[in-house]
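Here are my notes for you, written so that you can follow along with the structure open. Take the points one at a time and find each residue as you go.

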Amino acid sequence: MNLPNKLTCLRMLMVPFFVAAMELSFTGHYLWALILFAAASFTDLLDGKIARKRGLITDFGKFMDPLADKILVTSALICFVELWVTPAAIIIVIIAREFIVTSLRLIAAPKGIVIAADIFGKMKTVCQMIWVAATLLQMYLEEELLMGITGLNELNVVLMWVTLVLTVVSGINYLWKNRAVLQDMK
């Protein structure tokens, strides 16, 4: 297993620790959640750069890298719903898109087709990760200061809506670009 694929696996292994930091109440737990989320997100950036630079792009990486991103981000979003930070309807749309694109990849795989992340999917993922990190920062600061931070909530609302729009656009784009895979199902 090459280094980029090991980083992808590491990102997946970090998820339970991130969720524990979100769920367990101890001093600075949102800060730890933010640190773990940021570190896991950094592995996403790093594994892609290394894979492209060293020519280590594999089918495993094309499949598992987006899956690891989905597991990380959806874990955060589900925690946000449980903590009443984000409306469930927004998260349902985001997770539905993830299921649709992952299902499309699973349908394509036996046909020898690998559906790699495209620019819209990458933009969606980056926006999701920025939104989650900003929300975690807000949660940490509010817990520490016992009050809201002017402008931070508004920023997170804007990030949430931008993420939602990018999620829908990228989902439609994947379906459109790969419609032939779906037409073969008839």
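The points below go through the aromatic pairs, the charges over rings, the pockets and the cysteines.

1. Before anything else, keep in mind that you're looking at a predicted model. Every value here is computed from that model, so to speak, on the screen.

2. Let's start with the rings. How many aromatic pairs are there? The count comes to two. One of them joins Phe18 and Phe37, with 5.6 Å from centre to centre and 50° between the planes, and that makes the pair tilted. The cut-offs explain the label: stacked needs planes under 30 degrees apart and edge-to-face needs over 60, so 50° falls among the rest.

3. Where do those two rings sit? Phe18 belongs to helix α1 (residues 3–23), while Phe37 belongs to helix α2 (residues 29–54), so this pair ties together parts that are 19 residues apart in sequence. Are they buried or exposed? Phe18 has a relative accessible area of 1%, which makes it buried. Phe37 counts as buried too, at 1% relative accessibility.

4. Now go to Phe80 and Trp131, an edge-to-face pair with 6.5 Å between the centres and 70° between the planes. Phe80 is in helix α3 (residues 59–82) and Trp131 is in helix α5 (residues 119–145), so here the parts tied together are 51 residues apart in sequence. Phe80 is buried, at 0% relative accessibility, and Trp131 is buried as well, with a relative accessible area of 1%.

5. Next, look for charges sitting over rings. Arg105 lies over the face of Tyr174, 5.4 Å from the ring centre. Arg179 does this with Trp176, at 3.8 Å from the centre of that ring.

6. On to the largest pocket, which holds about 740 Å³ of space. Its lining is made of 33 residues, and those nearest the centre are Asp44, Gly48, Arg52, Asp65 and Lys122. Which elements give two or more residues to this lining? They are α1, α2, α3, α4 (88–108) and α5. As for chemistry, the lining divides into 13 nonpolar, nine polar and 11 charged residues.

7. The second largest pocket has a volume of about 150 Å³. Residues lining this pocket include Val85, Thr86, Pro87, Gln138, Asn156 and Met160. You'll also meet Trp131 again, since the ring partner of Phe80 is one of the lining residues.

8. Which helix gives the most to the lining of that second pocket? The answer is α5, with five residues. Both α5 and α6 (152–177) supply at least two residues each. By type, the lining splits into six nonpolar, five polar and one charged.

9. Last, the cysteines. The structure holds zero disulfides. Why is Cys79 in none? The nearest cysteine sulfur, that of Cys127, is 19 Å away, and a disulfide needs the two sulfur atoms within 2.5 Å, so Cys79 and Cys127 don't qualify. From the other side, Cys127 is in no disulfide either, with the sulfur of Cys79 as its nearest. Cys79 is buried, with a relative accessible area of 4%, and Cys127 counts as buried at 9% relative accessibility.

How values were computed
Residues numbered from 1 in each chain as written. Predicted model: local features only at pLDDT ≥ 70, side-chain atom pairs only at ≥ 80, totals over all residues. Heavy atoms only, no water. Phe/Tyr/Trp six-rings, centres within 6.5 Å; stacked < 30°, edge-to-face > 60°. Helix = DSSP H or I, 4+ residues; strand = E, 2+ residues; numbered from the N terminus. Buried < 20%, exposed > 50% of the residue type's maximum accessible area, 1.4 Å probe, protein only. Lys NZ or Arg CZ within 6 Å of the ring centre and 35° of its normal. 1 Å grid on protein atoms, 1.4 Å probe; cavity = no way out; pocket = protein on both sides within 12 Å on 5 of 7 lines; lining within 4 Å. Points joined across faces, edges and corners; volume = space filled by probe spheres on them. Nonpolar A, V, L, I, M, F, W, Y, C, P; charged D, E, K, R; others polar.
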